[in-house]
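Q: I'm new to this structure and would like a close look at one part of it. Could you pick a single spot, describe it carefully, and then follow its connections outward?

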Amino acid sequence: MARLTAPREGLRLTIGVSEQLEDVLQDLLVGLTRALPRVTLTARIGASEHIAARTAEQETDIAVIIGRTRGERSRPLGSLQLAWYAHDAASLAAGRSIPMVLPTEPCNTRTHIVSALDGQGVPWHVAYEGPDLAGLRAATRAGLGVIGLLANSGEKWNLTPVPAGTLPFRPGPVPVSFVHAPGTPADVVEAAFSVARAALRQFPLVDEPGRAA
C-alpha cells in the first residue's frame, strides 16, 4: 500500500508480461517511461497464469497476458493470430495422429490450441511438452512435431511456417488481456493500458477493441 499511495515521484511499478509476448516488453518500458517519467519500473516475464495470479495478489501492478480474463480489473486488448510451425509438416500430417509440441499445463495458449484441435476433430498426441519457449522451439526445429505460435514468430526464431493447405485445420486467434492489481492508481492504469495497446500493434492483431472493460 505504501508503494502505491506514495507521491508520483516515488511510485514503483512492476510490469508482468506473458513469455510469448516478450517482444512487447521493450515498447512497454519505453512507453511507460515517457508517460510516467517519475515512476520506477521493474518487470517480470512468465506464464500468463502465473503473471495473472501475481497481479491479483498485488505482487505485480499491471500485466499483459494471453487469455481472456473477466472482472473490473481486466480489459481486452484484442486477439492475436496464431500460426502452425513445423520442420516437415507434410510428413507429420501423413500420420494418423498429429504430433504436437505443447507448453506444459497450466497454459492459456495450450488450452486454446487443444480446444481448436478437438473442436475440429483432429487426432493428435503430445510429441514434446516443456515449460519454456526455448525448449519448445528447439523441439520444433528438430522435427518432433507441430507448434502453434504467434503468426510473426517464424523468421525471428528460425521456425518453418506450415504451408497453407498442408494441415486441414487452423489454430485461430488467441485473446490478449490487460490486467491490473487492486489499488493501482487510475491514471497509471489508463496510461499503461494505452501504452500496452500501442505496443501490441507490432503483432498480427485480429481485432483491437476500445476501452470498454
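A: Let's start at Thr140, a buried residue with a relative accessible area of 2%. Here, buried means under 20% relative accessible area, exposed means over 50%, and partly exposed is in between, using a 1.4 Å probe and protein chains only. Please keep in mind that this is a predicted model, in which local features need pLDDT of at least 70 and side-chain atom pairs count only at pLDDT 80 or more, while totals for chains, interfaces and linings use all residues. Residues are numbered from 1 along each chain as its sequence is written, and side-chain values use heavy atoms, with hydrogens and water left out.

Thr140 belongs to helix H6, which covers residues 133-141. Helices (H or I, at least four residues) and strands (E, at least two) are DSSP runs, numbered from the N terminus. Setting aside residues up to four places away in sequence, Thr140 touches Tyr85, Ala86, His87, Val101, Gly145, Ile147 and Leu159. Contact, in this sense, means heavy atoms within 4.5 Å.

One of those partners, His87, also leads us to Gly143. With residues up to four places away in sequence not counted, Gly143 touches His87 and Leu92. Gly143 sits in the loop between H6 and strand E7 (147-150), and at 26% relative accessibility it counts as partly exposed. The C-alpha atoms of Gly143 and Ile113 are separated by 19 Å, with their positions 30 residues apart along the chain.

Another partner of Thr140, Val101, takes us into strand E5. Six of the six residues of E5 (residues 98-103) are buried, so this strand is largely enclosed by the rest of the structure. Ile98, Met100 and Leu102 point one way from E5, while Pro99, Val101 and Pro103 point the other way. The residues on both sides are buried.

E5 pairs in the parallel sense with strand E6 (residues 124-130), over six bridges. For two strands to count as paired, DSSP must find at least two bridges between them. Within this pairing, Leu102 stands opposite Glu129 in E6. Together, E5, helix H5 (residues 108-119) and E6 make a right-handed β-α-β unit. Right-handed means that, with the strands pointing away from the viewer, the path from the first strand over the helix to the second runs clockwise.

Glu129 also reaches to the helix of that unit: its side chain meets that of Arg110 in a salt bridge (2.7 Å, N to O). Because Glu129 lies in strand E6 and Arg110 in helix H5, the pair ties together parts that are 19 residues apart in sequence. A salt bridge is a side-chain nitrogen of Lys or Arg within 4 Å of a carboxyl oxygen of Asp or Glu. Side chains of opposite charge can pair when their charged atoms come close. Glu129 is partly exposed at 41% relative accessibility, whereas Arg110 is buried at 9%.

The structure holds five salt bridges, and two others are worth a visit. The side chains of Asp23 and Lys156 meet in one of them, at 2.1 Å from N to O. Asp23 lies in the loop between strand E1 (12-18) and helix H2 (24-35) and Lys156 in helix H7 (residues 154-157), so this pair ties together parts that are 133 residues apart in sequence. Asp23 counts as partly exposed at 29% relative accessibility, and Lys156 is partly exposed with a relative accessible area of 42%.

Arg75 forms a salt bridge with Glu190, and their closest N and O atoms are 2.5 Å apart. This pair links distant parts of the chain, with Arg75 in strand E4 (residues 74-85) and Glu190 in helix H8 (residues 186-199), 115 residues apart. Arg75 is buried, with a relative accessible area of 14%, while Glu190 is partly exposed at 31%.

Our walk ends in H8. The expected span of a helix is 1.5 Å times one less than its number of residues. The 14 residues of H8 should therefore span 20 Å, and its end C-alpha atoms are 20 Å apart, which agrees. Among the buried residues of H8 are Val188, Phe193 and Arg197. The buried residues of this helix pack against E1, H2, strand E3 (62-66), E4 and strand E8 (173-180). Arg197 counts as buried at 18% relative accessibility. The C-alpha atoms of Arg197 and Gly78 are separated by 8.6 Å, although these residues are 119 residues apart along the chain.
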